[in-house]
Amino acid sequence: MASTNGTKQPLLEVRGLRAAVTATGQEILKGVDLTVNVGEVHAVMGPNGSGKSTLVNVIAGRPDFAVTAGQVHYAGQDLLAMLPDRRAREGVFLAFQYPVELPGVRPWQFMKASVDALRKHRGLPEIGAREFDAMFKAAVKEMEMDADLMKRSVNEGFSGGEKKRNEMIQLALMEPRLALLDETDSGLDIDALKTVAAGVNKRRGPERSVLLVTHYQRLLGYITPDFVHVLVDGRIALSGGPELAHELEAKGYDWLKESAGTAR
Amino acid sequence: MVPRQALEANLVTAPKVISRTSTSDDLAREYKWGFVTEIESEIIPKGLNEEVVRIISRKKEEPEWLLEWRLKALRHFLSLNYEEPKWAKVSHPPIDFQDIHYYAAPVKQAGPKSLEEVDPQLLETFNKLGIPIQEQKRLAGVTEEGPSKVAVDAVFDSISVATTYQKTLEEKGIIFCSVSEAVKKAPDIVRKYLGSVVPYTDNFYAALNSAVFSDGSFVYIPKGVRCPIELMTYFRINSANTGQFERTLIIADEGAYVSYLEGCTAPIRKTSQLHAAVVELVTLDNAEIKYSTLQNWYPGDKQGNGGVYNFVTKRGKALGKNSKISWTQVETGSAITWKYPSVILQGDNSTGEFYSVALVNNYQQADTGTKMIHIGKNTKSTIVAKGISAGHGQSTYRGQVQIMPTADNATNFTQCDSLLIGDKCGAHTVPYIEVRNPTARMEHEASTSKVSDDQLFYCLQRGLDPEEAHYVIINGFCRGIFKELPFEFAMEASQLLRVSLEGTVG
Ligand SMILES: Nc1ncnc2c1ncn2[C@@H]1O[C@H](COP(=O)(O)OP(=O)(O)OP(=O)(O)O)[C@@H](O)[C@H]1O
Ligand SMILES: [Mg+2]
């Protein structure tokens with residue numbers, strides 16, 4: 001189990017979560033338990049195909065997966081009972097491993113619509129265009145995104161790294177309580193990696209929790225997680241502190257695969 | 001209108017089926033322009049015959065030649081034996097052409113001095129149409145002309161009720177008025193060009209329109225003049241059982257430019273209404289006409305009852321060399337749309353463009369597209385058509401590109417994209433290409449797609465509700481067309497899209 005500090009407030013509590021591919025019924029998550037407290041950063045690692053993306057997508061409510069057993073609580077509420085857009089408005093943000101292109105949709109307009117949807121949910125009026133523009137420009141600058149790219153359609157013709165930065169811009173604008181980052185570090189050059197890491201670190205604090213999926217110790221060199229979990233074949237095979245990432249880097253996953261299913 | 005399946009079974013060729021009234025009380029669909037205005041109006045009895053045509057002509061104090069032209073058109077129409085064209089992919093019960101009022105006009109008020117004096121119902125209507133108050137005042141004829149960008153003409157039940165900015169326009173020698181006024185003000189121009197692009201023999205509805213047209217807008221831009229403001233007409237069907245037959249004629253003389261906009265709405269009615277307009281555009285050497293339409297006639301309810309039958313002939317003749325005619329249309333309304341804004345590229349180096357968004361929802365049917373007829377050398381045409389089908393809607397793109405033997409080095413680019421929402425709707429593409437000159441260069445692209453689940457989830461994950469998510473994606477799909485519209489119109493178009501999609505996703 002992740003949390004050991006009894007004084008901490010849990011933000012996300014995953015209990016015995018099982019999920020299958022909706023179309024085929026193939027089970028991917030085979031009983032996941034995980035607690036992320038307010039203000040914590042957790043890293044999820046594990047071999048390809050072990051279910052990392054599935055886990056964060058199920059938390060975000062992607063309809064491609066069906067939950068077959070277990071519970072997820074978010075800020076004390078039953079997260080699985082909420083529709084995906086509601087989850088987003090309640091502060092669950094997913095930076096996609098493969099962000100999708102929206103032809104003809106301008107990033108500025110799209111992100112303003114997001115921000116307004118969140119504000120409306122909180123009973124606030126629409127944000128003024130000028131105020132939003134300032135926020136938008138600041139976020140684009142912070143993530144060192146080429147401003148000209150933002151005149152295109154959302155993600156259209158963006159390189160892999162540019163798509164990831166674009167996810168970070170949206171994270172900055174939406175200020176989620178729970179950020180799920182699915183391999184946001186993959187495909188980034190070293191400068192971009194630092195930018196993304198700085199973006200995450202800047203947002204660490206008592207009002208935000210982060211669950212980041214990564215394959216590389218490299219990112220964890222910049223973001224020190226509170227906990228590291230290893231997902232193997234749909235189950236958390238091992239959890240530990242930041243040092244676990246180093247151990248994995250040295251040993252790989254094979255030794256865990258044999259003992260998969262005996263999560264601690 | 002009745003639902004599609006039932007309707008196909010009932011389709012008969014006899015012209016006399018009057019009742020399309022449904023027993024359903026469900027007018028639930030949000031159509032915010034669905035009000036009726038209680039304006040005193042003058043209406044002539046139902047029916048179509050020479051006497052009716054004579055009455056219309058007399059009411060409008062028309063010259064003899066025009067009456068003769070109308071009568072010829074009527075005789076031609078009657079000779080067609082009420083046989084409507086059948087090639088379009090739309091279906092509806094036969095229309096009883098004797099069961100329609102061919103003339104309804106608001107009773108004219110003489111020169112109001114203040115807003116209070118204006119028929120409050122008329123003002124209320126302007127309000128509901130979303131016309132800004134300053135424009136309303138101008139329309140009602142009570143304010144001085146001020147600085148603004150749009151001159152508005154309002155046409156109620158085919159009668160022009162008010163036109164703003166006369167002074168500004170007159171100074172430049174621009175004529176912007178109703179066709180009936182133009183017959184008096186500029187008889188030579190009207191006589192020369194009326195029917196020169198769309199002769200009354202052109203098609204069934206054009207013949208009907210030529211016989212009974214009541215009004216519409218007329219624009220003449222003199223040599224070398226760039227019209228400094230957008231010209232706009234609001235068309236409104238108000239009275240019940242009234243056909244709307246307006247006729248618009250726009251002429252851009254050598255080197256002239258004009259951007260013209262039309263917006264259309266109609267009240268919610270359980271029975272269908274017929275709208276058969278004709279629009280003719282002519283550009284002389286080096287002239288350009290940009291014609292934009294937001295068509296939002298009442299589309300009928302969710303079950304497909306009521307709605308406007310929109311059977312329109314729009315054609316431009318790029319007569320002069322280096323001239324250009326550009327059509328942009330956003331079609332979200334009407335139960336049935338049958339409309340092919342076309343360009344005859346006669347002048348050498350002339351250009352024709354067609355940019356279209358057609359959205360069908362519930363039981364709407366749209367068969368729309370364009371014709372580009374290349375006659376002159378180095379003529380160039382561009383067609384970008386976007387069809388969106390939702391609910392049980394059926395949308396067809398029908399396009400014809402014709403390269404005549406005289407048209408050396410003609411080029412055409414055609415792009416047709418269809419977007420489907422749900423699995424009960426349909427999209428069809430029917431391109432005809434006829435090339436009779438080997439130097440022609442033709443390019444054609446077509447795509448059909450669905451709003452993808454991945455795109456939707458991405459939007460939902462950003463907090464947008466499903467309706468907003470669809471709207472954002474569809475709006476993106478239409479962007480290439482919307483950017484062709486004047487700015488205010490683009491905003492309105494995207495707003496229309498949103499309203500038309502309401503209730504599409506749950
Ligand atoms: N929509 C889907 N349809 C069918 N199978 C799927 C679907 N999504 C995921 N899977 C399968 O589920 C398993 C877990 O996939 P997931 O994407 O969660 O892995 P991952 O741990 O994120 O891998 P990677 O490190 O490669 O990103 C894989 O075998 C994958 O093929
Ligand atoms: Mg993955």
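Two residues are in contact here when heavy atoms of each lie within 4.5 Å. Keep that cut-off at hand for the tour, and bear in mind that the model you have open is predicted.

**Stop 1: Q217(A)**

Start by selecting Q217(A), which sits in helix α7, residues 217-220 of chain A. Now show what surrounds this glutamine. Leaving out residues up to four places away in sequence, Q217(A) touches M45(A), A245(A), H246(A) and E249(A). Is Q217(A) buried or exposed? Its relative accessible area is 12%, and buried means under 20%, so Q217(A) counts as buried.

**Stop 2: the magnesium ion**

Next, select ligand 2, a magnesium ion. Which protein atoms coordinate this ion? They are OG of S53(A) and OE1 of Q97(A), at 2.0 to 2.2 Å. Colour chain A by secondary structure and you will see that this pair links distant parts of the chain, 44 residues apart. S53(A) belongs to helix α1 (residues 52-60), while Q97(A) lies in the loop between β6 (92-95) and α3 (107-121).

Their exposure is worth a look too. S53(A) has 21% relative accessibility and counts as partly exposed; Q97(A), at 16%, counts as buried.

**Stop 3: chain A as a whole**

Zoom out until chain A fills the window. Its secondary structure comes to nine helices and ten strands, and its C-alpha trace spans about 55 × 40 × 40 Å along the principal axes. How does the radius of gyration of chain A agree with that of a compact globule? A compact globule of 264 residues would have a value near 18 Å, and chain A has 18 Å, so the two agree.

Of those 264 residues, 55% count as buried. Among contacts in chain A with a separation of 6 or more, 69% come from residues 24 or more positions apart. Switch on a surface for this chain: the accessible area comes to about 11300 Å², with 51% belonging to carbon and sulfur atoms. If you colour by charge, you will find 33 positive and 34 negative side chains, and the centres of the two sets lie 3 Å apart.

**Stop 4: helix α10 of chain B**

Cross over to chain B and select residues 453-461, which form helix α10. This helix is mostly covered, with seven of its nine residues buried. The buried ones are Q455(B), L456(B), F457(B), Y458(B), C459(B), L460(B) and Q461(B).

What do these buried residues pack against? From chain A, the partners are α1, α2 (84-89), β6, α3 and α5 (160-174); from chain B, there is α11 (466-477). You met α1 at the magnesium stop, as the helix that holds S53(A). Step just past α10(B) to G463(B), which takes a positive phi of about 95°.

**Stop 5: E484(B)**

Carry on along chain B to E484(B), in the loop between α12 (479-482) and α13 (487-501). At 19% relative accessibility, E484(B) counts as buried. Setting aside neighbours within four places in sequence, E484(B) is in contact with K290(B), T328(B) and Y355(B). For a distance to draw, pick the C-alpha atoms of E484(B) and S292(B): they are 8.7 Å apart in space, with the two positions 192 residues apart in sequence numbering.

**Last stop: chain B as a whole**

Finish by showing all of chain B, which has 13 helices and 23 strands. Buried residues make up 63% of its 506 residues. Residues 24 or more positions apart supply 84% of its contacts with a separation of 6 or more. The chain exposes about 18600 Å², and carbon and sulfur atoms account for 51% of that area.

Definitions and conventions: Residues are numbered from 1 along each chain as its sequence is written. Chains are lettered from A and ligands numbered from 1 in the order in which they are written. This is a predicted model: local features need pLDDT of at least 70, side-chain atom pairs count only at pLDDT 80 or more; totals for chains, interfaces and linings use all residues. Side-chain values use heavy atoms; hydrogens and water are left out. Helices (H or I, at least four residues) and strands (E, at least two) are DSSP runs, numbered from the N terminus. Buried means under 20% relative accessible area, exposed over 50%, partly exposed in between (1.4 Å probe, protein chains only). Donors are N, O and S atoms within 2.8 Å of the metal (3.2 Å for Na, K and Ca); water is not among the atoms, so sites may look incomplete. The radius of gyration is taken over C-alpha atoms; the globule rule is 2.2 Å times the number of residues to the power 0.38. Accessible areas come from the Shrake-Rupley method with a 1.4 Å probe; for residues, only the protein chains shown count as cover. Lys and Arg count as positive and Asp and Glu as negative; His and the chain ends are not counted. The place of a charge is taken as NZ of Lys, CZ of Arg, CG of Asp or CD of Glu.
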